[in-house]
Amino acid sequence: MRTKILLEESEIPTHWYNVVADMPNPPAPPMGPDGKPVGPDALQAIFPDNIIEQEISAERWIPIPEEVRNILTLWRPSPLYRAHRLEQALGTPAKIYYKNESASPAGSHKPNTAVAQAYYNKVAGIKRLSTETGAGQWGCSLALAGQLFGIDVRVYMVKVSYEQKPYRRSMMQTWGAEVYASPTDMTESGRKILAEHPDSPGSLGIAISEAAEEAANRKDTNYSLGSVLNHVLLHQTVIGQEAKKQLALVGDYPDEIYAPCGGGSNFGGIAFPFFADKAAGKNVRLVAVEPTSCPTLTKGPYAYDYGDAIGLTPLLKMHTLGHDFVPPGIHAGGLRYHGDSPLVSQLHHEGLVDAVAIPQLETFEAGVLFASTEGIVPAPESTHAIAAAVRSARECAKSGEPRTILFNLSGHGHFDMSAYDRYFNNELEDYEFPEEAIEESLSHLPEVLRNS
Ligand SMILES: Cc1ncc(COP(=O)(O)O)c(C=O)c1O
């Protein structure tokens, strides 16, 4: 009975896979508020040219610099597990595999892109990076990467997460970063939100506004984003490439792949390398899993909207709940984003990627089942993928169908134990679909592009 399927360090991918090369239609271009496409120069105030090149590239394979691959050896290749004990507990004929991205120093997939982004900024001569963080995983990852490349990092951490996870803040400080609870009174964006909502719990959209504003106003500082944009998903494709190789070693191929989806980076990371096969005719279901309280792909229209709460970014065509939607304070902080990756959104809109929304209590139930069978305590974000995989495996138990299921364990939950505490004390709730709040924020979609 084989549990872990491992690769050698030399088998870390040498290239990132760019899904744009296999998409049936080119990506919808970013737009200005006047409804005209914006060129790469609009990004130059906050990103280095080498990253902008990746953002707009249609090349299928992009080489991973040796300096980046060297650092990736600290945790890559990540192990692929066969979840024998979870399968037994579910009494399912399905085979369940999971890619364990919790094995990185920060505890999730996020360092895969943090290292690449810090490297490219270093090469471009940048000394400081500003960023947002929701779950704290991204802030930790960029703090670590900044430390490794000698770049100062400032993190705007969504206030509700800052309060739920004080030790994430300490971890970022351990890696040399400054951390502030967002909204702050240090930026115009933060002050605007606080004037209207003094008790705002914050959101990823607000924290992005603060970090992007700071980068735009300081010559020595660039902005770094932990998800959503094309280059971020590109850097995460090491996950799916490794998983494919690992499954081939045991003669398997997934029927379906699940990953939690906030801005889409770990979903794109595991799913896109399999999309290449799907585009070539292979039958594989790619399923993004989101919370019912922030149901971007399943309930949000596909429309042009801002990537941040204040409206500082170019308009991106994506599934969105409206840029000023502030999702309920669920514990999966990394899934509290109003929009989604434009690449994932376009593929979902074209029917090539599926999505499902799962309520908070079901995700924690699945997380506890996973911890008690497989041992690892999953991050609240990751429990969404587990819950979807468990649903599918239970269907197989009823029908007798032996599906092969792969999911991404995007992170561990060692800093999320207060959420587990609240679950055990029956203090967690399932939020209703916040229909009125979403309707209200959708009425603020940029007028000029409302119907494009
Ligand atoms: C553990 C974990 N999983 C998933 C996510 C969701 O982000 P993304 O959709 O970009 O992978 C996050 C974001 O912070 C996270 O920390």
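1. Let's start with the ligand. In this predicted model, 21 residues surround it, and the closest are S227, G262, S265, G334 and G411. Two elements give two or more residues each to this shell: α5 (137–149) and α12 (265–279). The largest share, three residues, comes from α12.

2. What is the shell made of, by class? Polar residues number 13, alongside seven nonpolar and one charged.

3. Now follow α5, one of the elements in that shell. Is α5 mostly covered or mostly open? Mostly covered: eleven of its 13 residues are buried. Among them are W138, C140, L142, L144 and F149. So what do they pack against? The buried residues of α5 sit against two helices, α4 (111–123) and α7 (166–174), and three strands, β6 (128–133), β7 (152–158) and β8 (178–182).

4. Here's a quick check you can follow on α5. At 1.5 Å a residue, its 13 residues should span 18 Å, and the end C-alpha atoms are 19 Å apart, so the two agree. Right after α5 comes G150, with a positive phi near 70 degrees.

5. Last, have a look at α15 (residues 360–374) and α16 (residues 382–399). Their axes come within 8 Å and cross at roughly 85 degrees. Angles of 65 to 115 degrees count as roughly perpendicular, and α15 and α16 are therefore roughly perpendicular to each other. On the α15 side the contact uses E362, T363, F364, A366, G367, L369 and F370, while α16 brings T383, H384, I386, A387 and V390. By class, this contact has seven nonpolar, four polar and one charged residues.

Terms used: Residues are numbered from 1 along each chain as its sequence is written. This is a predicted model: local features need pLDDT of at least 70, side-chain atom pairs count only at pLDDT 80 or more; totals for chains, interfaces and linings use all residues. Axes are lines fitted to C-alpha atoms, for helices over the stretch in contact, and angles run from 0 to 180 degrees between N-to-C directions. Helices (H or I, at least four residues) and strands (E, at least two) are DSSP runs, numbered from the N terminus. Angles under 35 degrees count as roughly parallel, over 145 as roughly antiparallel, 65 to 115 as roughly perpendicular and the rest as oblique. Two residues are in contact if their C-beta atoms, placed from the backbone, lie within 7 Å. Ala, Val, Leu, Ile, Met, Phe, Trp, Tyr, Cys and Pro count as nonpolar, Asp, Glu, Lys and Arg as charged, and the others, Gly among them, as polar. A residue is near a molecule or strand if its C-beta atom, placed from the backbone, lies within 6 Å of it. The expected span of a helix is 1.5 Å times one less than its number of residues. A residue is buried if 20 or more other C-beta atoms lie within 10 Å of its own, exposed if 12 or fewer, and partly exposed in between; C-beta atoms are placed from the backbone.
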